[in-house]
Amino acid sequence: MRSETEHQFVSMKDQIWVIGGYGQVGQMICKQLAHAFPGKVWAAGTRRERAEQFSRQTGGAVKPLQLDITKPVDSFMLRNVKLVIMCVDQHDTRFVESCAKAGTDYMDISAKLDFLTQVERLHPLLHSSGSTAILSVGLSPGITNLLVREAATHMDQMQEADITIMLGLGEKHGKAAIEWTVDQMNTTFDVMQNGQLARVQSLSGGKWIDFGEKLGRRMAYRFPFSDQQAVARTLNIPNVSTRMCLDSRWITRALSVSRRAGLLTFLRWKWIRNAAVKAFAWMPGGEPMFAVKVDATGLKNGKHIHVEQRIMGKKEAVITAEVAAAVAKRVYAVPQQAGVYHVEQCFTLQNIQDELAEQLKVVTKTS
């Protein structure tokens with residue numbers, strides 16, 4: 001039996017820390033969780049004044065916390081924290097390891113493949129500590145992973161999944177999101193082809209994608225979103241790719257032409273990279289929208305089947321925050337299996353829909 005002191009310690013482990021909680025997406029996550037769990041949510045980050053200002057804006061519903069995760073964080077600091085939601089990029093897994101040692105659950109909205117791969121390797125540590133880490137939480141990765149899992153329910157064996165994301169230039173993204181996108185434009189990465197890893201280049205492999213009557217057919221290009229590597233492993237799919245396009249056809253085309261001409265190699269120069277980040281932040285036109293299309297092919301009763309799934313929404317940052325809050329509510333309220341998992345390994349699309357204030361409208365077509 002637990003001692004009285006142990007019972008008190010367990011009962012105190014009820015805080016939710018949102019790292020980067022005063023950022024664009026972090027603020028939305030904090031507000032939703034503070035409504036669901038009053039007095040339990042803390043917006044954490046390196047800038048105390050930003051955290052305190054945001055706390056005042058919420059009338060104290062969200063509490064401020066100064067925390068620098070680039071420096072060692074003793075697991076004792078996390079003794080009262082039940083769940084951490086990470087909204088900033090990291091370069092190593094020291095903080096995740098601290099969460100594991102403290103028995104604190106962890107969620108991450110990052111799309112940074114190299115980092116997520118590092119976290120996956122911590123599965124034995126989290127499993128032994130009884131902690132859970134949920135990765136791939138947001139739109140892409142996130143909703144895209146769940147759509148592929150949903151498509152898999154329509155067939156006996158999935159042979160290929162093509163994921164495509166359209167992003168609207170009218171949405172004002174946070175600086176970190178823009179920096180990540182610019183930094184991925186001149187990279188190479190691995191995709192699963194015929195059950196083997198194959199090296200491809202960003203903004204290559206153009207493919208026409210039908211987004212439906214309203215948006216029509218768009219040319220989309222390969223992009224290193226981490227969902228394509230995750231679902232290839234978790235759902236055992238031999239061919240997976242993720243492509244991206246912008247709602248502006250000519251800017252999407254211009255990026256591809258720039259890649260083929262070698263112009264994107266200049267992004268290695270810091271001043272050109274920074275100029276590109278500023279240009280994307282202030283680029284005129286476009287709509288504050290997003291769209292996702294999943295084309296999955298496989299076998300059903302020995303016959304070939306094609307499943308198409310489409311969703312549209314108004315703001316990517318909003319849906320990312322809503323999905324993160326939906327997952328967080330379930331992780332906070334219901335114990336999950338210990339270890340490191342991607343969202344599609346623990347949840348279905350319907351699980352997330354059940355927590356959303358306004359359900360995503362999914363258009364599904366099979367042929």
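This report walks through the domains, cores and some local features of a predicted model.

## Two domains and their meeting place

Let's start with the overall layout. The domain assignment splits the chain into domain 1 (15-139 + 319-354) and domain 2 (143-315). Their C-alpha centres are 25 Å apart. Where the two meet, 21 residues of domain 1 make contact with 22 residues of domain 2.

UniProt, in an unreviewed entry, places the feature "domain: Saccharopine dehydrogenase NADP binding" at residues 16-127. In the model, that stretch is 39% helix and 21% strand, and its end C-alpha atoms are separated by 20 Å.

## The nonpolar cores

The largest nonpolar core holds 83 residues, and Ile85 and Val327 are the ones that touch the most other members. Helix H12 (residues 316-333) supplies the largest share of this core, with eleven residues. Because domain 1 (15-139 + 319-354) and domain 2 (143-315) both give residues to this core, it lies between them.

Which residues surround isoleucine 85, once those up to four places away in sequence are set aside? Isoleucine 85 touches Ile16, Trp17, Val18, Ile19, Ile29, Leu33, Met107 and Ala328. Another core, of 26 residues, lies apart from the largest one, and its members include Ile69, Phe95, Tyr106 and Leu116.

## Strand E1 and the loop after it

Glutamine 15 is a good place to begin here, as a residue of strand E1. With a relative accessible area of 17%, glutamine 15 falls under the 20% limit and therefore counts as buried. Its side chain makes a polar contact of 3.0 Å with the side chain of tryptophan 17. Beyond its neighbours within four places in sequence, glutamine 15 is in contact with Lys40, Trp42, Asn80, Val81, Lys82 and Leu83.

Further along, glycine 21 sits in the loop between strand E1 (15-19) and helix H2 (24-36). Is glycine 21 buried or exposed? Glycine 21 has a relative accessible area of 0%, so this loop residue is buried. Setting aside residues up to four places away in sequence, glycine 21 touches Gly26, Gln27, Cys30, Ala43, Ala44 and Phe54. Glycine 45 is 24 residues away from glycine 21 along the chain, yet their C-alpha atoms are separated by 6.9 Å.

## Strands E6 and E15, with serine 131

Strand E6 (residues 132-135) pairs with E15 in the parallel sense, over four bridges. One of the positions to look at is threonine 132, whose bridge partner in E15 is glycine 339. In a regular strand, side chains alternate between the two faces of the sheet. For strand E15 (residues 339-342), both faces are covered: Gly339 and Tyr341 are buried on one side, and Val340 and His342 are buried on the other.

Serine 131 belongs to the loop between helix H6 (123-129) and E6. Its relative accessibility is 0%, so serine 131 counts as buried. The side chain of serine 131 makes a polar contact with that of serine 129, at 3.1 Å. Leaving aside neighbours within four places in sequence, serine 131 is in contact with Cys99, Ala100, Gly103, Thr104, Asp105, Leu126, Ala338 and Gly339. Glycine 339 thus appears both as a contact of serine 131 and as the bridge partner of threonine 132.

## Helix H9 and some backbone details

Helix H9 (residues 227-234) is mostly covered, with six of its eight residues buried. Those residues are Asp227, Gln228, Gln229, Ala230, Val231 and Ala232. Asparagine 236 follows H9, in the loop between H9 and strand E12 (239-246). Although asparagine 236 is a residue other than glycine, its phi is positive, near 55°. With 66% relative accessibility, asparagine 236 counts as exposed.

Asparagine 194 also deserves a look: its phi is positive, about 55°, although it is not a glycine. Asparagine 194 is placed in the loop between strand E8 (188-193) and strand E9 (196-201). Its relative accessible area is 65%, so asparagine 194 is exposed.

Finally, the peptide bond from serine 140 to proline 141 is cis, with omega near 5°. Proline 141 lies in helix H7 (residues 139-152).

Technical notes: Residues are numbered from 1 along each chain as its sequence is written. This is a predicted model: local features need pLDDT of at least 70, side-chain atom pairs count only at pLDDT 80 or more; totals for chains, interfaces and linings use all residues. Side-chain values use heavy atoms; hydrogens and water are left out. UniProt positions are given in the numbering used here, feature names are shortened, and annotations may be inferred rather than shown by experiment. Helices (H or I, at least four residues) and strands (E, at least two) are DSSP runs, numbered from the N terminus. Buried means under 20% relative accessible area, exposed over 50%, partly exposed in between (1.4 Å probe, protein chains only). Two strands pair if DSSP finds at least two bridges between them. A polar contact is a pair of N or O atoms within 3.5 Å; within protein, one must be able to donate a hydrogen and the other to accept it, and residues adjacent in sequence count only if both atoms are side-chain atoms. Contact means heavy atoms within 4.5 Å. A nonpolar core is a set of buried Ala, Val, Leu, Ile, Met, Phe, Trp, Tyr and Cys residues joined through side-chain atoms within 4.5 Å. Domain bounds come from an automatic or database domain assignment.
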